[in-house]
Amino acid sequence: MSDRPTLPPGYPPALGPDSASAHVSAKSIELREPNNGILPAPTSTRPSRVGPRRLRTIASSLSERDEKILATADDYRFITGAQLVEFHFAAHATQPTAERTARRVLARLRDLRVLGILEQRIGGIRAGSDGLVYHLGTVGDRLLRQINPQRSRRRFEDPSTRFLEHALAISGAAAGLHTEARRRGGEVVRLAPERPRRYTDMLGAGQTIRPDLYAELAAVSGAEDIAAFFIEVDLGQESIPTLVGKSLAYEDYRRSGNEQRQCGGFPVVVWAMTAARAEAAQRRRDALAKELARHHRIDIGQYRIVALEDAPARIFKEVRHG
């Protein structure tokens, strides 16, 4: 039996042995939609240019769900087909129905270049849409820039393995929160990956902290009592002193009072940690807990240190009823 830790829903296996650590609205039009997850054969060596008229046609063809998928791809940078199912297709009666619908929709959005995909597959396995990694396509970027003229053009670059693993771990944690909310009858009120917070530290210098994921959750759908969390994902790629350093930055940000003035309180900080081996992951969690507890500037009661695969369930346990 492998000692590799079980990862949360939507999170892929390691990508290789060398890894270190809206919008527009209207009804969808019917287009050719392969439903087997295999990319259509290219019709030419160069994609045809999408002019202003064609761009307007594509914009008017997008459904509300299409718009949400576009926004998700923009927010998370990289996300798998399985994760997109958890975000946007889980309302279907059965998982097979959700997956079939997702294959059709995602294939259409690829054809329109609203979404793009990485050439590499997770773990090197060709597994249909579930094995694809999606990102914002060139047409999707243009649509978002039409909505927000101040938005800078996003130029796509192939990510490093380390960056991709971390990005997919963040989107996997977010997908896991959606799954856990449905299981418990709760609600994901808001998810915001890598949104910067700016503050002034104790020396009067301007600083920025960028949580991997900010989450607002309710124990019961529609409840007014909402709990907030800053979630940091660690894949065993950073040193423990580096994690302590980011925790100290959270302490400085908490003492600035900015979050409390804007939101009425300070979120619980969750360190969701894993590593290539289960024993190593547990040692790292224990080491971080020990270092945080001994540091006089850190309020240990403000932190939770959990296994990445257990994070969605452990986080929802923190959310109060009523």
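The following questions and answers concern a predicted model.

User: How are the rings of Tyr-199 and Tyr-253 arranged: stacked, tilted or edge-to-face?
Analyst: A pair of aromatic rings is described by the distance of the centres and the angle of the planes. The centres of Tyr-199 and Tyr-253 are 5.4 Å apart and the planes stand at 50°. Planes under 30 degrees apart count as stacked and those over 60 as edge-to-face. The angle of 50° fits neither, so the pair is tilted.

User: How many residues apart in sequence are the parts that Tyr-199 and Tyr-253 tie together?
Analyst: Tyr-199 belongs to strand E5, residues 197-200. Tyr-253 belongs to helix H7, residues 240-256. The ring pair therefore ties together parts whose separation in sequence is 54 residues.

User: Is Tyr-253 buried or exposed?
Analyst: Buried means a relative accessible area under 20%. Tyr-199, its ring partner, has 7% and is buried. Tyr-253 has a relative accessibility of 1%, so it counts as buried.

User: Which residue lies over the face of Tyr-214?
Analyst: Tyr-214 is part of a cluster linked by ring pairs, which also includes Tyr-199, Phe-230, Tyr-250, Tyr-253 and Phe-266. Over the face of Tyr-214, at 4.6 Å from the ring centre, lies Arg-197.

User: Which strands are the edges of the open sheet with the order E4-E7-E8-E9-E10?
Analyst: The sheet has five strands and mixed pairing. Its neighbouring strands are turned against each other by 25° on average, direction ignored. An edge strand pairs on one side only, and this holds for strand E4 (187-193) and strand E10 (303-307).

User: What is the bridge partner of Ala-272 in E10?
Analyst: Strand E9 covers residues 268-273 and pairs with E10 in the parallel sense over five bridges. Within E10, the partner of Ala-272 is Val-306.

User: What is the bridge partner of Ile-231 in E9?
Analyst: Strand E8, residues 226-234, runs parallel to E9, and six bridges join the two. Within E9, the partner of Ile-231 is Val-270.

User: How many of the residues of E9 are buried?
Analyst: Val-268, Val-270 and Ala-272 point one way from E9, and they are buried. Val-269, Trp-271 and Met-273 point the other way and are buried too. E9 is therefore largely enclosed by the rest of the structure, and its buried residues number six of the six.

User: What is the span of helix H6 from its first C-alpha to its last?
Analyst: Helix H6 runs over residues 161-184 and has 24 residues. At 1.5 Å a residue, 34 Å is expected. The helix comes close to this, as its span is 34 Å.

User: Which residue follows H6, and how many residues of H6 are buried?
Analyst: H6 is mostly covered, with 17 of its 24 residues buried. The residue that follows H6 has a positive phi, near 75°, and is Gly-185.

User: Where is Arg-113, a residue with a positive phi?
Analyst: Most residues other than glycine have a negative phi, and most peptide bonds are trans. Arg-113 is not a glycine, yet its phi is about 65°. With a relative accessibility of 23%, Arg-113 counts as partly exposed. Its place is the loop between helix H4 (95-111) and strand E2 (115-117).

User: What is the phi of Glu-194?
Analyst: Glu-194 lies in the loop between E4 and E5. Its relative accessible area of 31% makes Glu-194 partly exposed. Glu-194 is not a glycine but has a positive phi, of about 55°.

User: Which residue has its backbone nitrogen 2.9 Å from a polar atom of the side chain of Asp-66?
Analyst: Asp-66 lies in helix H2, residues 64-76. Asp-66 is buried, with a relative accessible area of 1%. The backbone nitrogen at 2.9 Å from a polar atom of its side chain is that of Ser-63.

User: How far apart in space are Glu-251 and Arg-297, C-alpha to C-alpha?
Analyst: Glu-251 lies in helix H7. Glu-251 is buried, with a relative accessible area of 0%. In sequence, Glu-251 and Arg-297 are 46 residues apart. In space, the C-alpha to C-alpha distance between Glu-251 and Arg-297 is 7.3 Å.

Note on methods: Residues are numbered from 1 along each chain as its sequence is written. This is a predicted model: local features need pLDDT of at least 70, side-chain atom pairs count only at pLDDT 80 or more; totals for chains, interfaces and linings use all residues. Side-chain values use heavy atoms; hydrogens and water are left out. Rings of Phe, Tyr and Trp (its six-membered ring) pair if their centres lie within 6.5 Å; planes under 30 degrees apart count as stacked, over 60 as edge-to-face and the rest as tilted. Helices (H or I, at least four residues) and strands (E, at least two) are DSSP runs, numbered from the N terminus. Buried means under 20% relative accessible area, exposed over 50%, partly exposed in between (1.4 Å probe, protein chains only). A charge sits over a ring if NZ of Lys or CZ of Arg is within 6 Å of the ring centre and within 35 degrees of the ring normal. A polar contact is a pair of N or O atoms within 3.5 Å; within protein, one must be able to donate a hydrogen and the other to accept it, and residues adjacent in sequence count only if both atoms are side-chain atoms. Two strands pair if DSSP finds at least two bridges between them. Axes are lines fitted to C-alpha atoms, for helices over the stretch in contact, and angles run from 0 to 180 degrees between N-to-C directions. The expected span of a helix is 1.5 Å times one less than its number of residues.
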